[in-house]
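Please open the model in your viewer and keep the selection panel at hand. The tour goes from stop to stop, saying what to select and what is there.

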Amino acid sequence: MKQTIRIHGLQKLSMVDYPGKIAATVFTGGCNLRCPFCHNALLVTSLSGSPQLDTGEVLQFLQKRRGLLDGVVLSGGEPLIQNGVVEFLQAVRDMGFSIKLDTNGCYPDALAGILDRHLADYVAMDIKNTPEKYPQTTGLQNFDMAPIQASLDILKTDSVDCEFRTTVVRELHSVADIVEIGRWLQGAPRYFLQNFEDSGNLIGAGFHGFFSDELDAMAAAAAPYFQSVQVRGF
């Protein structure tokens, strides 16, 4: 089996990355966005500083964890820029694992292909900000929202379990923004607010998170638009 997926990280055991499951998390390298608050800068802009793992060895590790892990999370970077993502997910599926896919929503055709093949049981899609603020938040001046909307439409009509999540940054997000996001995504099953934390490995600088009471106010503002709203990071 030919594998061209670029793997740059493996968390062998996670209790939080896949809701309700014990999982391993596989991190791919490379991303089409340049979010200045991104905490995985090495996986986005400096892949040479992040050693690449052998795909076969990662699959061998997962094979040995059959019966011990419930699932596998494919995260990034942005996994859907990878040429070998379908082959990798098929290999993981053949081992009997449940699969969670993390994506920024910029590749709706790739997302649809994975869902058509039943290679994801749960999808977590990042919502960077309101549509008007996507250029500022992604670090790309001429950002095209059409793929994002297409991915949203796919997840709204597909039967796959999913969540939407926003990493909230004091310099980029307000309660009003969260309300606008809620109106945009109205009716989605789950929405998570993830508080920004400075990993020390950012693309940009000068960003801060929120206090817990501020996050609670954001969650309350979003609550009317979703079946469930929760805060992560506190």
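In what follows, buried means under 20% relative accessible area, exposed means over 50%, and partly exposed lies in between, with a 1.4 Å probe and protein chains only. This is a predicted model, in which local features need pLDDT of at least 70 and side-chain atom pairs count only at pLDDT 80 or more, while totals for chains, interfaces and linings use all residues. Residues are numbered from 1 along each chain as its sequence is written, and side-chain values use heavy atoms, with hydrogens and water left out.

Begin with the protein chain as a whole, which has eight helices and eight strands (DSSP runs numbered from the N terminus, helices being H or I of at least four residues and strands E of at least two). Its radius of gyration, taken over C-alpha atoms, is 17 Å, close to the 17 Å that the globule rule gives for 234 residues, so the chain is as compact as a globular protein of that length; the rule is 2.2 Å times the number of residues to the power 0.38. Of the 234 residues, 50% count as buried.

Next, select Asp 126 and Arg 165, whose side chains meet in a salt bridge at 2.7 Å, N to O (a side-chain nitrogen of Lys or Arg within 4 Å of a carboxyl oxygen of Asp or Glu). This pair links strand β5, which holds Asp 126, with strand β6 (residues 161-168), which holds Arg 165, across 39 residues. Asp 126 is buried, with a relative accessible area of 17%, and Arg 165 is buried as well, at 11%. Add Lys 100, Asp 102 and Lys 128 to the selection, and you have the network that salt bridges with shared partners make of these residues together with Asp 126 and Arg 165.

Staying in strand β6, move to Glu 163, which forms a salt bridge with Arg 232, the closest N and O atoms being 2.9 Å apart. Because Glu 163 lies in strand β6 and Arg 232 in strand β8 (residues 228-232), the pair ties together parts that are 69 residues apart in sequence. Is each partner buried or partly exposed? Glu 163 is buried, with a relative accessible area of 0%, whereas Arg 232, at 23%, counts as partly exposed. Now show Phe 192 too, since Arg 232 lies over the face of its ring, at 3.5 Å from the ring centre (the criterion is NZ of Lys or CZ of Arg within 6 Å of the ring centre and within 35 degrees of the ring normal).

For the aromatic pairs, select Tyr 18 and Tyr 122 (rings of Phe, Tyr and Trp, the last by its six-membered ring, pair if their centres lie within 6.5 Å; planes under 30 degrees apart count as stacked, over 60 as edge-to-face and the rest as tilted). Their ring centres are 6.0 Å apart and their planes at 45°, so the pair is tilted. Both Tyr 18 and Tyr 122 are buried. The charged end of Lys 21 sits over the ring of Tyr 18, 5.8 Å from its centre.

Finally, select Tyr 134, Phe 143 and Trp 184, which form one aromatic cluster. Tyr 134 is buried, with a relative accessible area of 0%, and Trp 184 is buried at 15%.
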